[in-house]
Every structure is written in C-alpha cells, then in structure tokens.
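Thank you for asking me to look through this model. My comments follow as numbered points, and they begin with a question.

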Amino acid sequence: ERMKGRSLKWYVPGNSKYVDKKIKKFIKNFFVPLEWDDVLAFLDTTIFKTSKEGLLFTTKGIFIKEPLEKIYYIGYDEVEQVGYHIELDKYEREVKTIEVTYKDGRVRRVLDYYFDQYLFVQYLQKAVDFARENPS
C-alpha cells in the first residue's frame, strides 16, 4: 500500500549509497540517537528531497519532523492507543487528525496533513501491538 501525499519519497537502507546518504542526512540533521541496524525506512516529506522533514521508521519507534515543528519520537512501547480526533472547522466541515494516546496519559496529535492517515494509523497500531506481544 502507498501513503499518498504531496511529493513523498521512500528510502530503505541498503538499496544504494545514495539512499543511505539521504537517511544518514536526516539522522545527522536532527541528532537522532540510534543504531544503523535499527533503521527500517525513511519517508522524506520535503518538496525538494532535502531530508529536512519526514518520518524515520525504526525497529522501536518513529522519529517525526513536521514543518515548523521540533523533531519528536513515538516509541511503539509507549503508546496505549492510536486513533482520530475530529473537530469542525469554521465552515462546519469535519477535520480529522491522528491522535496518539500514551500509556502515561499524554495525548499528541500528529501528521494533520499530507498523507493517507488511515494507512499511518494502521501501521502504528500494528507496530504497537507487536511491541506489546514481543517486549524487549
């Protein structure tokens, strides 16, 4: 399945030196603390493929850098629930955003634009379920 959106580009480690360089650039730009073997994929969400925004999928969680936001991390083992938050805009149209509820009660709305929210919610929920069934 594909995540739809504005100009998205997937990079999977080991495909080429160019791909590895793009992933390493994101890691370097944001001082992401992880081992190379933990990287599953990087989704570059920038228009010009600068590796300055996107999602870095790892074996233990996702690092997310959205426009005008600081990078943040969603650890699969920290999540209680993944779902949607729906509110009405000023024209009374429904606006749906992804909502992550952590085990400690915190709630974070994420990725309120640019790609298939359903696919992301399904992926994250499956990763969270897997982490619950296979604690490290």
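1. Which side chains meet in a salt bridge at 2.9 Å, N to O, with Asp104 as one partner? In this predicted model, the partner of Asp104 is Arg106, and the N to O distance of 2.9 Å belongs to this pair of side chains. Asp104 is exposed, with a relative accessible area of 55%, whereas Arg106, at 45% relative accessibility, counts as partly exposed. Side chains of opposite charge can pair when their charged atoms come close.

2. The structure holds 4 salt bridges, and a further one that deserves a look joins Arg109 to Glu99, where the closest N and O atoms are 3.3 Å apart. This pair links distant parts of the chain, since Arg109 belongs to strand S8 (residues 107-110) and Glu99 to strand S7, with their positions 10 residues apart in the numbering. Arg109 itself is partly exposed, its relative accessible area being 44%.

3. Another salt bridge is formed by Arg93 with Asp89, and here the closest N and O atoms are 2.9 Å apart. Arg93 has a relative accessible area of 49% and is therefore partly exposed, because exposed would require over 50%. Asp89, at 23% relative accessibility, also counts as partly exposed, because buried would require a value under 20%.

4. Two residues other than glycine have a positive phi and should be checked by eye, beginning with Glu92, whose phi is near 65°. Glu92 is placed in the loop between strand S6 (79-88) and strand S7 (94-102), and with a relative accessible area of 63% this residue is exposed.

5. The other residue to check is Lys49, which has a phi near 55° although it is not a glycine. Lys49 lies in the loop that runs between strand S2 (39-44) and strand S3 (54-58). Is Lys49 buried or exposed? With a relative accessible area of 18%, Lys49 is buried, because this value falls under the 20% cut-off.

6. On the surface, Lys21, Lys25, Lys28 and Lys52 form a positive patch. One of these residues, Lys28, is placed in helix H1 (residues 17-29), and Lys28 is exposed, with a relative accessible area of 66%.

7. A nonpolar patch on the surface is made up of Tyr84, Ile86 and Tyr118, which together have about 310 Å² of accessible area. Tyr84 lies in strand S6 and, at 31% relative accessibility, counts as partly exposed; this value still allows a place in the patch, because patch residues need over 30% relative accessible area.

8. Turning to the interior, the largest nonpolar core has 21 residues, and those with the most contacts inside it are Leu55, Ile62, Ile64, Ile74, Val110, Phe120 and Leu124. The elements that give two or more residues to this core are S3, strand S4 (61-65), strand S5 (72-75), S6, S7 and helix H2 (117-133). Which element gives the most to this core? H2 does, with 6 residues.

Notes
Residues numbered from 1 in each chain as written. Predicted model: local features only at pLDDT ≥ 70, side-chain atom pairs only at ≥ 80, totals over all residues. Heavy atoms only, no water. Helix = DSSP H or I, 4+ residues; strand = E, 2+ residues; numbered from the N terminus. Buried < 20%, exposed > 50% of the residue type's maximum accessible area, 1.4 Å probe, protein only. Patch = residues over 30% accessible without salt bridge, like charges linked within 9 Å, V, L, I, M, F, W, Y side chains within 5 Å. Areas by Shrake-Rupley, 256 points an atom, 1.4 Å probe, with all protein chains shown as cover. Lys, Arg positive; Asp, Glu negative; His and termini not counted. Charge placed at Lys NZ, Arg CZ, Asp CG, Glu CD. Core = buried A, V, L, I, M, F, W, Y, C linked by side-chain atoms within 4.5 Å.
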